[in-house]
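Please find below a short note on the structure, arranged as numbered points. Each point may be read beside the sequence and the 3D view.

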Amino acid sequence: MNLAGKHLLLGLTGSIACYKSAELTRLLTQAGATVQVTMTESAAQFITPITMQALSGHPVYISQYDARIDNNMPHIALSRRADAIVIAPASADFIAKLATGLCDDLLSTLAIARDCPLLIVPAMNRQMWQNSATQRNVVQLRCDDIIVLDPDAGSQACGEIGNGRMLEPQAIYEAIIALLHPKKLSGKRILITAGATFEPIDPVRGITNRSSGKMGFALARAAAQAGGRVHLIAGLVELATPWGVSRENIQTAQQMYNSVMATIADIDIFIAVAAVGDWRAAQVSEHKLKKAAGQPLPPLHFVENPDILASVAALPTPPYCVGFAAESSELSINGEAKRRRKNVPLLIGNLGPKTFGKDGNEVVLFDKTGSTPLPLADKQSLARTLVDEIAQRVLGNTLHDPGAMHQLSDC
Ligand code: C5P
């Protein structure tokens, strides 16, 4: 469980987006966290404390004079128990209060009394978000080491369209995991390729493979949670982009090669997870190839695609390169042979038919010291283990930096 043993204080302020915090509470408790909900009086106009108590399994606190706390100091008692405070939704008014240090209710008082990280998830009308006072306050919060997630764009409850929607519960959940995760790859620039490429034959047909992209996306999520600045170049992948990761979609191996080469100069770690097509049709037909009775089958000629990983590894100053090998047999022989052929320091081997499209994976690591099998695990847990393995190799043992999440600021 991603958040086992973690104590989170979830603060709700007045916004229609309070309904999303009900779902967020479920995600957090299912991941093993203890969730203590605190609401402002305005928040209680949008969702009842009963709902939040039922979902969190703990009484909800609203008043700073709540006598249920033995010494009647809920602002100290509640904030001291928390590994992190998350305020979702955070209204424009609450952000203004935090920026100036005002504390006139329980939530604002415990936020200022905290000794743990504070994450703010804004929710408001687009004009309120764009208002220079709000933007000034957000800059101030970031200067004060408070993490502020940028809101989503889209249709708003008020009927307007723009920036200000609260992030979806899944994205907030991922940001919370990232906040609490050790920052083993802090500031490292990481490029990941993922999923299957598609090589067209004619306008309606093409050659692809059964890679789902799940392993590459899981690695992107784990690397971002470890503090990396992750860019994903994805083939045919029907998965949501992990929170905090930038993404570019391509179709063919040549497009993937071009995108990788355009980005690689700034990259510290390159992880090639994509199942790249080895060949493409020498000639892509402009029109659909027709079958006609008695006619010979259309001749298909192939040319080889560039090997992206090997090309990156052969650069004069390559980033740290990690390859994947999906074999169908004799993994131990083929894995090490492939590592040497591609000239990469780390190759992660698995058996393709056992992993493509599945949620679990069993891999063997090949590096210059030999091979290390890892036990079967779900792809997200495995991705965290792989990120640890990569971080160890890239950085040695000077790793543990559980510092605050990287964020750009104007301070
Ligand atoms: O040669 P093979 O396809 O088995 O190698 C697998 C590894 O090489 C993977 O890391 C894959 O992403 C990468 N690769 C590549 N460009 C290719 C073929 C494979 O980057 N054209």
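1. The first annotated span. The unreviewed UniProt entry lists residues 6–178 under "domain: Flavoprotein". In this predicted model, helix makes up 44% of that span and strand 20%. The C-alpha atoms at the two ends of residues 6–178 are 13 Å apart.

2. The second annotated span. Residues 185–392 carry the UniProt annotation "domain: DNA/pantothenate metabolism flavoprotein C-terminal", again from an unreviewed entry. Here the composition is 28% helix and 27% strand, and the end C-alpha atoms lie 10 Å apart.

3. Domain assignment. Separately from the UniProt record, the domain assignment of the protein chain gives domain 1 as residues 7–180. Domain 2 is given in two pieces, 189–281 and 294–410. A distance of 36 Å separates the C-alpha centres of domain 1 and domain 2.

4. Confidence. The protein chain has a mean pLDDT of 93, and 96% of its residues reach 70 or more. Residues 397–409 call for caution, since pLDDT stays under 50 there. The model does have 25 contacts for this stretch beyond four places in sequence. However, predicted coordinates should not be read in detail where pLDDT is low.

5. Asp-66. Is Asp-66 buried or exposed? Its relative accessibility is 11%, which is under the 20% cut-off, so Asp-66 counts as buried. Asp-66 belongs to the loop that runs between helix H3 (49–56) and helix H4 (74–81). Its side chain forms a polar contact of 2.6 Å with the side chain of Arg-68. Leaving aside residues up to four places away in sequence, Asp-66 touches Tyr-61, Asn-72 and Pro-74.

6. Ala-44. This residue is part of helix H2, which covers residues 43–46. At 28% relative accessibility, Ala-44 falls between the cut-offs of 20% and 50% and therefore counts as partly exposed. Beyond four places in sequence, Ala-44 touches Met-39, Pro-49 and Ile-62. Where does Gly-14 stand with respect to Ala-44 in sequence and in space? The two are 30 residues apart in sequence, while their C-alpha atoms are 7.5 Å apart in space.

7. Points to retain. For the student, two residues merit a second look in the 3D view: Asp-66, which is buried, and Ala-44, which is partly exposed. Residues 397–409, with pLDDT under 50, should be kept apart from such detailed reading, because low pLDDT means that the predicted coordinates should not be read in detail.

Notes. Residues numbered from 1 in each chain as written. Predicted model: local features only at pLDDT ≥ 70, side-chain atom pairs only at ≥ 80, totals over all residues. Heavy atoms only, no water. Domains from an automatic or database assignment. pLDDT = per-residue confidence, 0-100. Contact = heavy atoms within 4.5 Å. UniProt positions renumbered as here; feature names shortened; annotations may be inferred. Helix = DSSP H or I, 4+ residues; strand = E, 2+ residues; numbered from the N terminus. Buried < 20%, exposed > 50% of the residue type's maximum accessible area, 1.4 Å probe, protein only. Polar contact = N/O pair within 3.5 Å; in protein donor to acceptor, adjacent residues only side chain to side chain.
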